[in-house]
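Reader: Please take a close look at the salt bridges of this model. Which residues pair, and where do they lie?

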Amino acid sequence: MDMTSRRRTASYPALPFAWAACWVAVAAFDASAQSGMSRAEATQLYSAAGFPIVNGQPVNRCGQPAKPRVSFIDINGDKRPEALFVDEDKACYTPSGRYFAVLTKDSGSWRPVINGNGTIQALSTSTGGWLDMRVVGSDCPRTHRYAGGKYAAAADCGQPVASAAAPAQSTPPPTQPAPPPAVPGAATANKLAAADEAAAFKAAGFTKRRGAWRTDCDDGAPSYSPGSIDKVADVNGDGRTDVILTEGGSSCYGNTGQGYWVVTKLADGNWKVLSHGPGIPELLATKGADGWPDISVGGPGFCFPVERWNGREYKVQRWEYEGKACKPPR
């Protein structure tokens with residue numbers, strides 16, 4: 001496919017299916033700084049996607065607080081991005097535990113063109129100028145094609161799309177589901193002691209200024225959000241604490257709008273950064289050396305790098321989307 005007609009950005013290389021703009025800051029629901037979108041428009045967008053705003057917080061169709069991942073993608077080549085929502089809630093979105101919605105803007109308002117439970121993947125083919133979609137839900141994978149205003153599902157079942165054979169361990173066993181991806185601003189119930197919190201942030205290069213942990217990414221832009229703790233756990237079973245730290249800022253972290261650090265407490269009490277970069281980390285059930293889980297680094301596109309610990313460092317070991325092997329962006 002000739003991707004030159006698709007929208008690109010300077011802060012991220014040209015990607016399959018042309019992800020554009022940035023990730024919306026969901027934690028504080030402050031969309032006014034994102035792509036020139038007003039708060040009123042963001043509220044209408046979220047509501048149309050199935051996440052009405054209640055007391056400043058998006059809620060899902062089960063009435064529970066939600067933090068959907070939101071990205072913008074031009075899927076019909078008209079140089080105006082559509083919005084992609086992805087949310088996870090095992091109790092609400094049975095049986096898959098996932099929900100998606102793709103919306104387009106018509107006459108100043110956002111409306112869904114496809115939504116449902118399961119996972120969605122853009123294909124390289126198109127119908128009526130809109131990329132075809134493969135949806136894996138409660139039944140078989142089905143191709144969806146644009147049909148005058150909305151997508152319609154094919155009557156027959158298709159086979160899952162994969163560019164290469166997935167690694168044998170890429171799909172977690174049913175009894176060991178992969179944890180949900182870390183979301184900006186979503187701290188766990190576990191808390192670090194004040195001394196450990198300070199040591200972890202300092203090991204990652206943060207300093208405390210104006211009452212919050214910040215790196216040099218803090219340029220005063222409205223899109224910036226200070227460092228936060230997204231996860232506190234012993235993720236490799238060695239009896240010591242590990243944390244995932246995040247910081248928001250499109251000027252530093254490109255289209256993902258977020259940087260992350262995986263930091264561990266060593267036997268001597270010091271803290272060490274194991275993995276760091278732009279993106280949204282997801283700890284997988286598959287593991288590398290010393291019991292460290294593989295890390296899928298989410299960002300723009302439908303194909304994400306998966307890092308594996310080799311005993312010395314985390315290195316990219318494969319590329320996947322929703323547990324299926326995929327081709328990395330060129």
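Author: The following account treats the salt bridges and the burial of their partners. The model is predicted, so local features need pLDDT of at least 70 and side-chain atom pairs count only at pLDDT 80 or more, whereas totals for chains, interfaces and linings use all residues. Residues are numbered from 1 along each chain as its sequence is written, and side-chain values use heavy atoms, with hydrogens and water left out.

The structure holds 13 salt bridges, each defined as a side-chain nitrogen of Lys or Arg within 4 Å of a carboxyl oxygen of Asp or Glu. One of them joins Arg318 to Asp294, with an N to O distance of 3.0 Å. This pair links distant parts of the chain, 24 residues apart: Arg318 lies in strand β21 (residues 314–321) and Asp294 in strand β19 (residues 293–298). Helices (H or I, at least four residues) and strands (E, at least two) are DSSP runs, numbered from the N terminus. Both Arg318 and Asp294 are buried; buried means under 20% relative accessible area, exposed over 50%, and partly exposed in between (1.4 Å probe, protein chains only). Arg318 and Asp294 also belong to a network of salt bridges with Arg308 and Glu320.

Another salt bridge connects Asp196 with Lys265, whose closest N and O atoms are 3.1 Å apart. Here, too, distant parts of the chain are linked: Asp196 in helix α2 (residues 194–203) and Lys265 in strand β16 (residues 258–265) are 69 residues apart. Asp196 is buried at 19% relative accessible area, while Lys265 is partly exposed at 24%.

Arg240 and Asp238 form a further salt bridge, with 3.4 Å between the closest N and O atoms. Arg240 is partly exposed at 32% relative accessibility, and Asp238 is partly exposed at 28%.
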